[in-house]
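Hi there,

Here is the structure I promised to pass on to you. Have a look at it first, and then read on for what I found.

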Amino acid sequence: TDSSMIFKEIGFNPLFGTFLLGIVSFISSIIPNLFLKRVGRKTLMTISFGACTLFHLATILGSYYQMAYVVAASTLCFIVSFQFGVGAVSFFYLTEICLDGGLSVGMISWGASVLVTTLAGPFMINYLGVIFTFVVLLGFSLTGFLFSVLLIKETKGLSNDECLALY
């Protein structure tokens, strides 16, 4: 997987690194549920994309300066920040703003992007290396951040009809 390749390249035990990522991912998947009703979806998505961007930058710098612990820590922090908003909130947001047809297209698009990223990751790491792979991922995260700041509309406190009328 991508994570084992990254941990191997920076000199960590890939099995332990992947195990640690699984634990962090599981625990961090609980976090959004605590904030979802208190903080708006746009806020969570914006914070999440912004944090993902910063942790991709930290991974790039840690890899460039051969600081294995920075790469490992920023990778784990990326998982937490992704689960905090983008990974969980996007599903809730889609169900609030879309009717059945739009929801289907949104879910298929989201799933396809995850599939492409998952399949392309190992090739990117093999051919581009960790640094340039994370430059590409940083670009996607930065695009998501700008998209959430400029185009996503808040749904917190709105009725179902008001949410559907946003777009």
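In this predicted model, the axes of α4 and α7 cross at roughly 160 degrees and come within 8 Å. Angles over 145 degrees count as roughly antiparallel, so that is how α4 and α7 run with respect to each other. Their crossing is left-handed. In the contact of α4 with α7, 15 residues are nonpolar, nine are polar and one is charged.

Now turn to α2 and α5, whose axes come within 9 Å and cross at roughly 25 degrees. Angles under 35 degrees count as roughly parallel, and α2 and α5 are therefore roughly parallel to each other. The crossing of this pair is right-handed. If you want to find the contact, look for L20, L21, V24, S25 and S28 in α2, which meet T75, L76, I79, V80 and Q83 in α5. Six of the residues in this contact are nonpolar, four are polar and none is charged.

There is also a pocket to explore. The largest one holds about 1,600 Å³ of space, and 45 residues line it. To locate its centre, go to F82, V86, S113, V114 and T117, the lining residues that lie nearest to it. The elements that give two or more residues to this lining are α1, α2, α4, α5, α6 and α7, with the largest share, 21 residues, coming from α7. By type, the lining has 26 nonpolar residues, 18 polar ones and one that is charged.

Enjoy looking around!

Best wishes

Note on methods: Residues numbered from 1 in each chain as written. Predicted model: local features only at pLDDT ≥ 70, side-chain atom pairs only at ≥ 80, totals over all residues. Heavy atoms only, no water. 1 Å grid on protein atoms, 1.4 Å probe; cavity = no way out; pocket = protein on both sides within 12 Å on 5 of 7 lines; lining within 4 Å. Points joined across faces, edges and corners; volume = space filled by probe spheres on them. Helix = DSSP H or I, 4+ residues; strand = E, 2+ residues; numbered from the N terminus. Nonpolar A, V, L, I, M, F, W, Y, C, P; charged D, E, K, R; others polar. Axes fitted to C-alpha atoms, helices over the stretch in contact; angles between N-to-C directions. Parallel < 35°, antiparallel > 145°, perpendicular 65-115°, else oblique. Left-handed = near helix turned anticlockwise from the far one by under 90°. Contact = heavy atoms within 4.5 Å.
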